[in-house]
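Please open the model in a viewer and keep the selection panel at hand. The stops below proceed from whole chains to single residues, and then to the place where the chains meet.

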Amino acid sequence: MSTPTSTPVDANLELTLGKRPELWSRFQSFYAALWADGHVSRRVLELCRLRVAAIHGCAAEWEYRTADVFIADTDVAALQRGDFQPFDHCEQAALQIAEKTPFQHQAITDAEVKAVENGYGPAATVALLTAIAFFDVRCRWHLTLN
Amino acid sequence: MSTTPRVTPPPHATTADFGTLMSYIGKPTAAFFDLYAEYWQRGVLPPDLKEITRLRNARVTDCGY
């Protein structure tokens with residue numbers, strides 16, 4: 001199994017998680033597979049990743065920008081304050097899930113999940129929900145381990 | 001504590017459950033289970049401690065699985 005190249009934001013986690021190299025390399029492969037899956041655009045994933053980072057106040061994830069994904073400065077500012085108006089309705093549906101996942105996951109409604117499915121399809125919904133969960137994991141790791 | 005999927009299952013699925021939904025994203029799912037197997041099968045933590053924390057986390061997050 002090939003291990004994806006570590007990004008600068010990974011270096012922070014690798015300080016601790018690298019003590020279990022077999023586990024860390026498998027996590028990197030899994031995380032890379034989420035980004036490479038293709039059912040959800042890298043832009044939407046990045047929007048959700050940044051919103052989760054903002055909710056957690058996780059500087060490590062917030063200050064990192066995923067390669068080849070451009071988010072305008074005005075959109076980044078909107079994400080930081082939780083303003084979803086600049087985004088299209090499908091992106092807003094995705095961001096609504098991202099908004100609730102860290103601390104209100106039990107409040108995610110069937111309608112909110114259906115809104116994502118209506119916008120992106122069922123496969124993308126599964127991909128997005130999974131990815132958001134692990135954006136949350138990464139923030140919690142950054143904040144807990146380092 | 002629900003275990004009812006909220007997403008439309010794939011056309012080939014005979015049941016709507018965690019496994020059939022995760023089949024939508026085959027490669028990430030395979031990579032996840034490789035990661036999960038590594039966590040459970042190896043490492044320095046005793047299995048019972050891992051299980052206790054897993055169950056506690058499931059209660060806290062209200063995860064039926």
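A residue is called buried if 20 or more other C-beta atoms lie within 10 Å of its own, exposed if 12 or fewer, and partly exposed in between, with C-beta atoms placed from the backbone. Residues are numbered from 1 along each chain as its sequence is written, while chains are lettered from A and ligands numbered from 1 in the order in which they are written. This is a predicted model, in which local features need pLDDT of at least 70, side-chain atom pairs count only at pLDDT 80 or more, and totals for chains, interfaces and linings use all residues.

**Chain A as a whole**

Select chain A and display it as a cartoon. Its secondary structure consists of eight helices and zero strands; helices (H or I, at least four residues) and strands (E, at least two) are DSSP runs, numbered from the N terminus. The radius of gyration of chain A, taken over C-alpha atoms, is 15 Å, close to the 15 Å from the globule rule (2.2 Å times the number of residues to the power 0.38) for 146 residues, so chain A is as compact as a globular protein of that length. Along the principal axes, its C-alpha atoms fill a box of roughly 40 × 30 × 30 Å. Of the 146 residues of chain A, 38% are buried.

Next, colour chain A by pLDDT, the predictor's confidence in each residue, from 0 to 100. The mean for chain A is 93, and 96% of its residues reach 70 or more. Confidence in chain A is lowest in helix α1 (residues 8-17), with a mean of 84, and highest in α3(A), at 98.

**Helix α3 of chain A**

Select residues 42-56 of chain A, which form helix α3. How far apart are its end C-alpha atoms? They are 21 Å apart, which agrees with the 21 Å expected of 15 residues at 1.5 Å a residue (the expected span being 1.5 Å times one less than the number of residues). Of these 15 residues, 13 are buried, so α3(A) is largely enclosed by the rest of the structure. Just after the helix comes Gly57(A), with a positive phi near 65°.

**The nonpolar core**

Now show side chains in the largest nonpolar core, which has 44 residues. Such a core is a set of buried Ala, Val, Leu, Ile, Met, Phe, Trp, Tyr and Cys residues joined through C-beta atoms within 7 Å. Those with the most contacts inside this core are Cys48(A), Ala94(A), Leu128(A), Ala131(A) and Ile132(A). Among the elements that each supply at least two residues are α6 (89-104) of chain A and α2 of chain B. The most comes from α8(A), with 10 residues.

Centre the view on Ala131(A). Leaving aside neighbours within four places in sequence, Ala131(A) is in contact (C-beta atoms, placed from the backbone, within 7 Å) with Leu34(A), Val40(A), Leu45(A) and Cys48(A).

**Chain B and the contact**

Select chain B, which has three helices and zero strands. Its radius of gyration is 14 Å, well over the 11 Å that the globule rule gives for 65 residues, so chain B is more spread out than a compact globule. Buried residues make up 14% of its 65 residues.

Finally, show both chains. The contact takes 19 residues from chain B and 22 residues from chain A. On the side of chain B that touches chain A, α2(B) provides the largest share, eight residues.

Notes. Contact = placed C-beta atoms within 7 Å.
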